[in-house]
Amino acid sequence: MSDVFVNYRTGDEESAATMIARELARRFGDERIFFASNSIDPGRRFPVELVRAVEECEALLAVIGPRWAEVQGADGRPALEAEQDWTRREIQTALDRGVLVIPVLVGKATRIDRAVLPDDLLELADCQYRRFDHRNAESDLTAIGDTLARLLPELGAVDRDAHVVRARAETESLEKSARETGHTRMQTRDVEQRVRGGIGNLNGDLLGTFVNEPQGPVNTGRGHQYNAPHFEGDNTGVQFTAGDNSGTVHQRFERERRHSDDGQ
């Protein structure tokens, strides 16, 4: 019994399917990966073997390249339209069984267009997919293997790269922690710099909003203003305070009050 069935279309991305099957066999064992050209022994009836393998698998990878829906059959029509097309039948059987079906979009292949699918494969367009690009083959193969090891415990238990996966997860966790710690430190330094270069220590009723500008904070709300033009006083006079970061000037304008003997 094979855990993973690698489905592909002849004339569309056999090379990608071969690379995927070979890597999965290395990682999980030949007997757990079904790939028609490798898994069917000489003399065996391939229709029987294909049906048996897809009916027993735990997951099917549908390798789909740019020409997947365009490859023609013997009648000159797209092979996908034929009910006896093996690529179509394998996927349909897996969908009907309710097993895990993962489309693997290769190269320039985009998300599966429902318009090109026969009715019995429409569900394929709703399946979350993985990508494979020959330019990023190593990392994409690793991602596909990691996904299968995580979703199928039977594969995870025999994963030859399990120690590598654990080490990678630990490294990613440490890097994430370092990034979060660094972000927190940056926030703390930013606050400290704002305090030192901004409002500093203020006394009084701080009811306004302070805006840190090159000329110093300005109170834009209720309350006293600091390091900005400020008028205060009572009925005896008015004091004007102005300045910037280089100093402050105080001027007091006294209102003369006339006093007379008669109180006028």
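In what order do the five strands of the open sheet stand, and is their pairing parallel or antiparallel? The order is β2-β1-β3-β4-β5, and the pairing is parallel. The model in which this sheet appears is a predicted one. At the edges are β2 (33–34) and β5 (130–132), each of which pairs on one side only. In general, the strands of a sheet pair through backbone hydrogen bonds, in either a parallel or an antiparallel manner.

The sheet is part of a protein of 264 residues, 33% of which count as buried. Seven helices and ten strands are found in the protein. Among contacts with a separation of 6 or more, 59% are between residues 24 or more positions apart. The accessible surface comes to about 17,000 Å², and carbon and sulfur atoms hold 48% of that area.

Strand β3, residues 59–64, pairs with β1 through four bridges, and the two run parallel. Two residue pairs can be followed along this pairing. Val 6 has Leu 61 of β3 as its bridge partner, and Asn 7 stands opposite Ala 62 in β3. β3 is also joined to β4, residues 100–106, by six bridges, again running parallel. Here Leu 60 has Val 101 in β4 as its bridge partner.

How many of the six residues of β3 are buried? Six of the six are, so the strand is mostly covered, where buried means under 20% relative accessible area. In a regular strand, side chains alternate between the two faces of the sheet. For β3, one side carries Ala 59, Leu 61 and Val 63, while the other carries Leu 60, Ala 62 and Ile 64. Both faces are covered, with the residues on each side all buried.

Ala 62 also gives a way from the sheet to helix α4. Thr 87 is found in that helix, and the C-alpha atoms of Thr 87 and Ala 62 are separated by 8.6 Å, although the two residues are 25 apart along the chain. Thr 87 has a relative accessible area of 7%, which is why it counts as buried. Leaving aside neighbours within four places in sequence, Thr 87 is in contact with Asn 7, Tyr 8, Arg 9 and Trp 68. Of these contacts, Asn 7 is the residue that stands opposite Ala 62 in β3.

Thr 87 leads on to the pockets. The largest pocket has a volume of about 300 Å³. It is lined by 18 residues, and those closest to its centre are Tyr 8, Thr 10, Trp 86, Thr 87 and Glu 90. Three elements give two or more residues each to this lining: β1 (4–7), α3 (46–56) and α4 (86–97). By class, the lining of the largest pocket is made up of eleven nonpolar, four polar and three charged residues. Tyr 8, one of the residues closest to the centre, is also among the contacts of Thr 87.

The second largest pocket holds about 200 Å³ of space. Its lining includes Ile 64, Gly 65, Pro 66, Trp 68, Ala 69 and Glu 70. Further along the chain, Ala 109, Thr 110, Arg 111, Ile 112, Asp 113 and Val 116 also line this pocket. By class, there are seven nonpolar, two polar and three charged residues in the lining of the second largest pocket. Two of its residues have been met above: Ile 64 is one of the buried residues of β3, and Trp 68 is in contact with Thr 87.

Technical notes:
Residues numbered from 1 in each chain as written. Predicted model: local features only at pLDDT ≥ 70, side-chain atom pairs only at ≥ 80, totals over all residues. Heavy atoms only, no water. 1 Å grid on protein atoms, 1.4 Å probe; cavity = no way out; pocket = protein on both sides within 12 Å on 5 of 7 lines; lining within 4 Å. Points joined across faces, edges and corners; volume = space filled by probe spheres on them. Nonpolar A, V, L, I, M, F, W, Y, C, P; charged D, E, K, R; others polar. Buried < 20%, exposed > 50% of the residue type's maximum accessible area, 1.4 Å probe, protein only. Contact = heavy atoms within 4.5 Å. Areas by Shrake-Rupley, 256 points an atom, 1.4 Å probe, with all protein chains shown as cover. Pairing = 2+ DSSP bridges.
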